[in-house]
Amino acid sequence: MKFTWSWLQEHLETTQPMDAIVEKLSLIGLEVEGVEDKAKALKPFIVGEVLTAEKHPNADKLRLCTVNIGTGSPVQVVCGAPNARAGIKVVFASPGTVIPATGTELKIGTIRGVESRGMMCSAREMGLSDEHDGIIELPADAPIGAPFADVLGLNDPVIEIAVTPNRADCLGVSGVARDLAAAGLGELMAPRIAPVEGKFPAPLKATLDFGDTPALSPAFALRVVRGVKNGPSPEWLQDKLRAIGLRPINALVDVTNFMTFDRNRPLHVFDLKKVTGDLVVRRAKAGETLLALDGKTYTLDESMCVIADDKGVESLAGVMGGEESGCDENTTDVVIESALWDPINIAQTGRKLGLNSDARFRFERGIDPAFTLPGLDLATHLILDICGGEPSEVVLAGAIPDTTRTIAFPLSEVKRLSGLEASREEIVGVLEALGFTVSGSGENVDVVPPSWRGDVEGKADLVEEVVRILGLERVTPTEFPRENARRPVLTPLQQRTRKARRALAARGLVEAVTWSFVSKAQAELFGGGAAELALINPIASDLSDMRPSLLPGLIRSGQANADRGFGDVALFEVGQVFAGDRPQDQRQQASGIRRASARPSGAGRHWDGKAESVTAFDAKADALAVLAACGAPVANLQVTRDAPGWYHPGRSGVFRLGPNVIGTFGELHPSVLEALDVAGPVVAFEITLDRIPEPKAKPTKVKPLLDLSAFQPVKRDFAFVVDRAVAAGDIVKAAQGVDKKLITEVSVFDLYEGAGVGEEKKSVAIEVTLQPRERTLTDAEIEAVAGKIVADVTKKTGATLRG
């Protein structure tokens, strides 16, 4: 929203400087985006008078001039303009001045052997237009030495503000002035608009015809003015429009543009002689077209509201008028239209057609319904003053809606909701200055918002009005009460989601976001495909079912990267999966894949050029990292072989806590990769974040003391021969159970099958770490623990110690 400083002063009587006004606008919610003050930029340029203009002694096309700039001695200037001559008033720039169009600093120069101590400027050099055929000629009465900007009236700054969608009332200069007056920066000048007396009945009628469909216009008013003389609008009106970036067209159109920005009341004018029959406000018929004022033809549909006559559509209601019924220099009789439109329909129409206009911008935000007829009267006054003519009576189709509503408002709400201390007189004074009607004498009052404030619906809105006008600086900063126990903001599941993302990103996986839908065939591959999870109206045939797993989307994304030359891909996603249509069937999972040689931290690459492919153990390490980050008891996890069917049966595993399955990992089954048309190898993991148990509550949030032993740990290796069916985890578990305080770690470091251990047998070697805490272990004590480890492993797994 743009307006000039002088334009604002036509509505606001103030003694405040412009800088104070600009500062206050931002403080009351009308943020100032910029102030264009041409007078400041053009301040160095002054009025000069050419005393003499003679031919340059060394150049045919240059003239040697002397210029009086009011400082005493005339200044010598070399000029090449064809209109440089004695006796004219010009725009003069002294050395040191920066030329607006080029940004160069003017210096004393020598041109063809003659010194030039200044410059006489053209409109192009001043950045005022593209005219550069000659220097600017100022009026003969322009005072010598005066600032050039003052002489041409360029000393009127243009202010641009950002208006939020709820403040449609400030899309007119009068609304901005009202807010400033309420803030104490002046008096609002709002003279009563005198009704225009009609001299004759209007020669055409208007009707609203929406049939049995919802009405798109509650009220449509018009008036005819005959005998007008249309032509250029007055200079004051043209200057206003140019200042805010609008091009003056003719007096009738300029008046409607002025009303749009001055009073936030968009209007439209028709040439009466170009209208056939009466006007009807209706829905467009499918396929109807309109040649709009922007020169483009638009094809309409039944969702759009139009103004039509017997010939067809004449205007796109609330958006843009038609070219065929537009006013030109031959217009003598004019129809002025002032109407109300459905804001949502206006917005939808504009979006469908890709058509923006100042009228659409205002109607889709909502304008003052009570100003429909006064706005028509004000526009009529302007047209009569500028163009002459005789007005008809007003024709009104429909009725002006009554937007009156009463809000019960306890004055104490200002303090309760904002913390601002304000007296009753201040609160009531602010509301009344903004146009609200306040009734009641106690602390509970009834407030009726004005018709132009459709955004005010409740008590909180009234508090906002009071606070923004009185000033946020009056709100005393208050600390939030500190409770003994701070409640976490995030739920445990939200915390796990964040931690899982960070842990996987730290391991070099890239986060992906895939569709929540997969094809039925893909859903069945990953344990889904139930009828209740099929979409009734899918957006695509390959997105027909809710996903039972995150893996199909990740696998497709990995293959898409490989198809484009990025084969070593590591991706992860944290999102929801669906096992049924009940709330408890929806789970939050963290899943990931590694493809080709995308091993953690570049482990797949080596200096000798070999690249090792990913293995199930890479996926297992990723899964364990997620579990550890989310607080799962990793040391207590059991790993079993019963992974789902989409994993390779011999290269996969399941993480369990008792019967509770927390996650799976492994290499994907070749048949699954073939069905998805994906090249392997691909390893994956899935962690169900909902199933990670809550950690036990700690008596205190203080971290425990760091417990480090001062004694050297002892490591012992054991190799056991067991049946092939015995899991290595069972051996580890048996060894750990011997002495949980002394034995701090048990790990598998070798597996052997073949000659020397027998058929259907295998050798599993483990390393056991003993960490004494009270004293150094003796050889006898170490041997005793070792003997117990051998005995327990033998008893629980049937193993024998390998010799």
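E511 is partly exposed, with a relative accessible area of 39%. In this predicted model, the side chain of E511 meets that of R501 in a salt bridge, at 2.7 Å from N to O. The pair links distant parts of the chain: E511 sits in strand β28 (residues 510–511) and R501 in helix α14 (residues 492–506), ten residues apart. R501 is also partly exposed, at 29% relative accessibility.

## Salt bridges

The structure holds 35 salt bridges. One of them joins R85 to E137. R85 lies in the loop between β6 and β7 (89–93), and E137 in the loop between β10 and α4 (148–151), so this pair ties together parts that are 52 residues apart in sequence. R85 has a relative accessible area of 40% and is partly exposed. E137 is partly exposed too, at 38%.

R263 and D262 form another bridge between their side chains. Here D262 is buried, with a relative accessible area of 3%.

| Salt bridge | N to O distance |
|---|---|
| R85 and E137 | 3.0 Å |
| R263 and D262 | 3.2 Å |
| E511 and R501 | 2.7 Å |

Some charged residues go beyond simple pairs. R167, D169, D179, R453, D455, E465 and R468 are linked in a network of salt bridges. D179 of this network is among the buried residues of helix α5.

## Helices α5 and α7

Helix α5 spans residues 173–182 and is mostly covered: ten of its ten residues are buried. Charged residues R178 and D179 are among them, as are V173, V176 and L180. Just after α5, G184 takes a positive phi of about 85°.

Helix α7 covers residues 251–263 and includes A251. At 1% relative accessibility, A251 counts as buried. The C-alpha atoms of A251 and I111 are separated by 48 Å, and the two residues are 140 apart along the chain.

## Strands and sheets

Five strands form an open sheet in the order β6-β5-β4-β7-β10, with antiparallel pairing. Which strands stand at the edges? They are β6 (75–79) and β10 (119–120); each has a single partner strand, so one side of each is left without a neighbour in the sheet. The partner of β6 is β5 (residues 63–68), joined to it in the antiparallel sense by five bridges. V67 stands opposite V75 of β6.

Strand β19 (residues 305–308) is covered on both faces. C305 and I307 are buried on one side, V306 and A308 on the other. Two strands pair with β19. Strand β16 (residues 279–283) does so in the antiparallel sense over four bridges, with V281 opposite I307. Strand β20 (residues 313–316) is also antiparallel to β19, over three bridges. There V306 stands opposite L316. β19 and β20 make a hairpin with four residues between them, and G312 in the turn has a positive phi of about 150°.

In a regular strand the side chains alternate between the two faces of the sheet. Strand β25 (residues 407–410) shows an alternation in burial as well: I407 and F409 point to one face and are buried, whereas A408 and P410 point to the other and are not. Four bridges join β25 to the antiparallel strand β27 (residues 444–448). I407 stands opposite V447 of β27.

## Positive phi outside glycine

R112 has a positive phi near 55° and is not a glycine. It is found in the loop between β8 (109–111) and β9 (114–116). R112 counts as exposed because its relative accessibility is 52%.

D677 is not a glycine either, yet its phi is positive, about 60°. Its place is the loop between α18 (670–675) and β36 (682–688). At 65% relative accessibility, D677 counts as exposed.

## Surface patches

K733, K740, K795 and K796 gather in a patch of positive charge on the surface. K796 belongs to helix α20 (residues 779–797). With 58% relative accessibility, K796 counts as exposed.

A nonpolar patch on the surface is formed by L373, V394, L396 and I400. Together they have about 260 Å² of accessible area. L396 lies in strand β24 (residues 395–398). Its relative accessible area is 37%, so L396 is partly exposed.

Definitions and conventions
Residues are numbered from 1 along each chain as its sequence is written. This is a predicted model: local features need pLDDT of at least 70, side-chain atom pairs count only at pLDDT 80 or more; totals for chains, interfaces and linings use all residues. Side-chain values use heavy atoms; hydrogens and water are left out. Patches are made of residues with over 30% relative accessible area and no salt bridge: like charges are joined within 9 Å, nonpolar side chains (Val, Leu, Ile, Met, Phe, Trp, Tyr) within 5 Å. Accessible areas come from the Shrake-Rupley method with a 1.4 Å probe; for residues, only the protein chains shown count as cover. A salt bridge is a side-chain nitrogen of Lys or Arg within 4 Å of a carboxyl oxygen of Asp or Glu. Lys and Arg count as positive and Asp and Glu as negative; His and the chain ends are not counted. The place of a charge is taken as NZ of Lys, CZ of Arg, CG of Asp or CD of Glu. Buried means under 20% relative accessible area, exposed over 50%, partly exposed in between (1.4 Å probe, protein chains only). Two strands pair if DSSP finds at least two bridges between them.
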